[in-house]
Amino acid sequence: MSAAPRAQGGLTLIEIAFSLVILVFGVVSAMLLFPAGLKAQQLSRFQLYACAKAQEMIDSFNSSHNANPAIDTEAFNPWDVPVSRRTQAWDLEERLSSNSFGMLPLPSDIAKRLDSDGDEIQHILSEGGYLYYSQPMATTNLQESSLQTTPANEAQRLVCAVSGYAQNNAMHIFPWKNWPYVTPFPSPPLHGLHYPDFLSPRGPQTPTTFRWVDSWTDGKNSDGSDKIVGANDGKTASYCWEETSDPDIQKVFNWKEGNTDYGYFPYCCGKLSHNGSGIDPTQPATSQPIDVPSEVVPDYKGALRYFEAALWYCKQKGLRPEFYNPPPEILAAYNPVAQPLSTAQDFPFEPGTKSEDRWKQVQAMRFLAHAATCLTRWYSSAEFAASSAPVDICTGITNPTSADPVGTDPRLVMLTYAYTVGINIPNVTLDTLAGPLAFSDVQPASPGMSGPSTPPSIDHMTAATGNQFSRLTHHHLLYYHERCLRLIMAFAAANPYDWGAPRPLQRSIMTDFPLFESDLFANPQVGLPFNVTDVAKTSAQWKPIPAQPISNLGRGYMFPGYAPPGMAYDAALRIPDNIYYQRALRPDGSYSYVQNPGGSGTYTYIDDKVTERHAVAPSTPCDPFWGNPAHFSLTAKFTPDERCREIVFWMVDWQSYEDVELAPSAPVDAARYPFAGPLLDGSVSTATDPGQYATLQKRMSFDETMPSTNGHPTGIEFRDEQLYTYRNPEKVLNFKTDVSNKDTGFPTVKQHFDTSVTPNKLVTDYSFEILNESDTDQGLGSFSSAIAPGDPAHTIAARAVFRGQWGADRNFNKRLDRGPIPRSVRLRAVPVARFLYYDPRVPAMIH
Amino acid sequence: MPSHRQPFQYRRGGFTLLEVLIATAMGVVIIGTAFAAFRVASQTVTIANRLSLENAMMRAGFSKAQEELDFWQSYDDPDVTQGEKLRATLAPASLQGAHGLIFAPMATLLPPPAASTDTFEGAQGWDDRAWLAHDSRSWYRGNMAEKYDTALIFGRYAIFASADVGTTAFYSGASTAAVGSPPAVNPPVAPPVVPPIPDYSGVAVPHHWHDRQLSAFLRNTSPYMLSEYLPANTIYCFAETFSNGGTDRGGIPLMSIQPGDENSFCNQDGGQKNARGKYRQTYRTTWSVPPNDPQVQPGGPADPTIFSERWKSQRRYFETGYASTPESINDFVQVTTITTPVLDVAPTHWPRVTLSVNRFIKNARSIALFRLRLSSPVTGSVYEVCFTGFGTTLRGARQQRYYDPSDASSADAAGRRRGWASWDDPIPGQTPAAIPDPTLDTPRL
């Protein structure tokens, strides 16, 4: 009997169900790995982008020029120019957040929708930071309006932020005086164009304010002659800046002694200077006739008088005659043909010169060399005795060869000889002070001059006058030029904090740059902006601290003679002389600091920096201008962790938002808005109302339509390529009108061919994007627009453009884009990379 | 009758219809799920592979860009036949040396003189130890205010420094007639009588070194090379013997101060008529380096025609600033960009990745601009990453490259050493002290 077959039991349904669950779990688990793999690949891609971007940021930060040449950089109060410690700070984030340097702030509306690990993005935003996206174009400074459409740029999904706090960086510009000033060496006293306003220097020394006929040709007149335009437009008054701190320079620049003009300006510009000292700065258009003097062209007499004035200056600086008329061995010492580098005059200052007096020799030789070289236009090499050897009357001769009466003093023989060659330079007395007795005999040597021909007596060789007599020769010219360069090169290298002489333009490397930082631990300077009386608008700025006390600080170029209209020269400008803050050697040999408020002569030693730091409470002002030197930290030692910051990168598809290009720009730091320094109101006739000066509102705009008879334009010129730091960082991409009613894909930049010309020309129409326009986003609006100047509607529209209210073409495809994601959706930003760095704090560029 | 009983059989119960339906449905679900899963998996793997491939190629491109930053292979590649295409020189120049492209040996561009004339100020040739702030030879001694239509009212500055070591001739004569240049736009009002400029012959000019350096760089090399070699604040100007039509009255060569068209050294920014430095020269316009592959011709790098093209390209400026147009920028990009594939050979379905490099100077900044472009042959989509970076200067790149003055053979001649840097290639058999720094900057004086 066979056994009953065993029932073959199949899997029950529940077993199958379990099996399926397990299977599904396994499959799903396996599938979950795929997106992880994709994410890893994506992360890898974006880490590559982040590396490229970080590299570019560091490259751009270190090598990009930060010149914004159209901005005003000086005023008598720091809050009257937009250059203080923020906009141009030597801080990676501050510098790169611009349309030229690659980092553009992500609109806050979008940034606030982004989640991140630890909510780091929101923490940074809440602390006032920005989230940045990558500029679609490369950071090259090429003109954006000429660039082609950028291809899809996946790297724009990267966003980044700087985590960590900025240091107290060095002041990029000292707003009271944008030092260093530079000039070629040799050169005449510094002078230049300046609005003919009450801010020009006026004072007891009667500075040489003058007028410059700045004209140019523009086409032809009906008679075929050149059409001269531009003259008498009120923009072209000028003055000599350097005489504001050294009145002796006035003689070198422009001085009328009786009916004779001395100095550089009369020589260079002839009779144009005759009315110079009489110009009324407040009424330039009426006080100065636009004449065409008959002696406008320089001549040899002017050149001689310029040299005489330069020589006179040497004496006023207390320089010995050997300085400007040296013996042959000194002339030879400065002859580079005979002097290889190793034995050159590396210390060109006069023996025993104190450090604080070096500037006098620098200045004296600068003017002397320039004036002497001007003479080579009028005298030949033969007249300059270029082929004759220098003569030293003090070396003595035993065998005279010229007309030498036997038994006479050999020095007299040499003296006679010395006055037979070279150029005679008559001695002069200016402003009752006699010039030195060098190069001066009374014999006629210069073309057109006449007079007795008696050599000077050797009795003139006294301790006071020196013992070197000769006419001016070619050897002197070489000596002047060489010593001039050696003096300034040594001065610029050794005296960076002595501002007694400008810096040499031809110094090819190692230009000194004084270090300043703001004192964050002392009371700031406080005051009202220029032409503002509302105390509610009181402004403040930290006091500056230099690394070392500034010697010969002098006055700023732009506003050296600030005084309210109708008032005398203001001797109590905020910018001080060097009497408040001096470094002093204490009896024990250590350095300390002394305070001498008001220059009273009562000095107070500060024991040491540590004690002083605690002794002087932050709220206690210790000086009306300078900060506390104990707080200077730019050159202090530091460890990396004290200054370390991070660049953090995330990836997020923020461009998928529906308002990706319609969201307004992130809030623009008000420091990025340019404005002019104090100036007259060009819309008001200076003839009828000379005291009218520009309001703060007008200084924040530019009006080039001012009638020329009323003087100069008002405000600041919004030159796009010259003010890239002072605009909305998204400026070139911003829309300048509301495009929210346009369809997606709407071309915001249009191009067409102009078929009216051959060959046809491609014409680009920037109707909707700003790109490189200069005036669309200025506060008062463009006066070239159809809207009338001053129309509130225009003002409001321009402000909207400046702050980026209408959004921007953020991928630079020149079309309006919208993404599929509504703005109510939050996106998660995935961390990609973090890079450590710290700011250098002090300005430094790699070129 | 015996019953014929069928053997007992279990009733083999089949699935009920319901079970079949459920089983079928489940089967369909399983198969469908599995199919979908495999499909998704397949697609995911494909995407992952593609992303991986793209990433690998992008990494390769980025790596190539880093190498290019450091080694400049796109411009001069000693490892490739015909790779040294920018080393050519042609025809001695009037003063010293020869016109050369940016990788021409310095020994031909600024050759040293015989030892007997190698004096302090009279020294010639490139000396990388010079151009120090304290070295008086390196100071500019001209008059920066001197315009090309000068009447010399500020005097003669060529008496202090001149590129001519021998006798320097100076202008004398009338001061109102134009000399080799258009009439002044805004001339001073002429007086009734202007005395002529007197003779100033027979004087020995003391300084030469700076002006000889400037002259040689300006005449024999390119603006890009000039600005990469000389200190950042150098004034690009010098003086020499007066020549009617060649210099102004003060002896400054018109080429260094007179604005002209794109083939001139001076751009037209502001109509400036006097000496300038790097920022002013690259604020409105751009200096760049000559192009590469598009100009390679069978005649080789020394082909005079090709040389002429490249010489012209490296000597011109490009309108890329405020006066630019889309056409001028396009011209700049076309002429100066070198684009190469990251992979020379690859399957057709692989994404194409190209790397372009463009080296130029704008706003005084030396820029190496890279564009890493990925295009998919499948979807046609294009992605581009553009970035700049720190890297080796032209001077550094030239110092990486070996130069053997005795080797006049072709680029791939046997036995020629090709060190990327001189310190990698000591000369066999010689002590280090005897090595004359065998780079393209050889010889040091």
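## Helix pairs, cores and the interface between chains A and B

In chain A, α8 passes α11 in a left-handed crossing (left-handed if the near helix is turned anticlockwise from the far one by less than a right angle, right-handed if clockwise). These helices belong to a predicted model, in which local features need pLDDT of at least 70 and side-chain atom pairs count only at pLDDT 80 or more, while totals for chains, interfaces and linings use all residues. Residues are numbered from 1 along each chain as its sequence is written, and chains are lettered from A and ligands numbered from 1 in the order in which they are written.

Let's stay with this pair for a moment. Helix α8 covers residues 300-316 and helix α11 residues 358-374, and their axes come within 8 Å, crossing at roughly 160 degrees. Helices (H or I, at least four residues) and strands (E, at least two) are DSSP runs, numbered from the N terminus. Axes are lines fitted to C-alpha atoms, for helices over the stretch in contact, with angles from 0 to 180 degrees between N-to-C directions. The two helices are therefore roughly antiparallel (over 145 degrees; under 35 is roughly parallel, 65 to 115 roughly perpendicular and the rest oblique). On the α8(A) side, the residues that meet α11(A) include A:F307 and A:A310, and their partners in α11(A) include A:L368 and A:A371. This contact divides into 13 nonpolar, no polar and no charged residues (Ala, Val, Leu, Ile, Met, Phe, Trp, Tyr, Cys and Pro count as nonpolar, Asp, Glu, Lys and Arg as charged, the others, Gly among them, as polar).

A:F307, A:A310 and A:L368 turn up again among the residues that touch the most other members of the largest nonpolar core, which has 233 residues. Such a core is a set of buried Ala, Val, Leu, Ile, Met, Phe, Trp, Tyr and Cys residues joined through C-beta atoms within 7 Å. A second, separate core of 13 residues includes A:F735 and A:F812. Back in the largest core, A:L158 is another of those residues, and its contacts more than four places away in sequence include A:F46, A:Y49, A:F649 and A:V832.

How do the two chains meet? Their contact takes 83 residues from chain A and 82 residues from chain B, where contact means C-beta atoms, placed from the backbone, within 7 Å. On the side of chain A, the largest share, 21 residues, comes from α1(A). By class, that side has 42 nonpolar, 31 polar and 10 charged residues. The axes of α1(A) and α1(B) come within 10 Å and cross at roughly 15 degrees, and that makes the two helices roughly parallel. Their contact divides into 18 nonpolar, 7 polar and 2 charged residues.

Two cis peptide bonds in chain A deserve a look:

| Peptide bond | Omega | Place of the proline |
|---|---|---|
| A:W179 to A:P180 | near 10 degrees | loop between β4 (158-163) and β5 (182-183) |
| A:F185 to A:P186 | near -5 degrees | loop between β5 and β6 (191-193) |

Chain B has backbone oddities of its own. B:W72, which is not a glycine, has a positive phi near 60 degrees and lies in the loop between α1 (17-71) and β1 (89-92). B:W72 counts as buried, with 26 C-beta neighbours inside 10 Å (buried at 20 or more other C-beta atoms within 10 Å, exposed at 12 or fewer, partly exposed in between, with C-beta atoms placed from the backbone). B:A364 also has a positive phi, about 70 degrees, in the loop between β6 (352-362) and β7 (365-375). B:A364 is buried too, with 22 other C-beta atoms within 10 Å.

Conventions
Contact = placed C-beta atoms within 7 Å.
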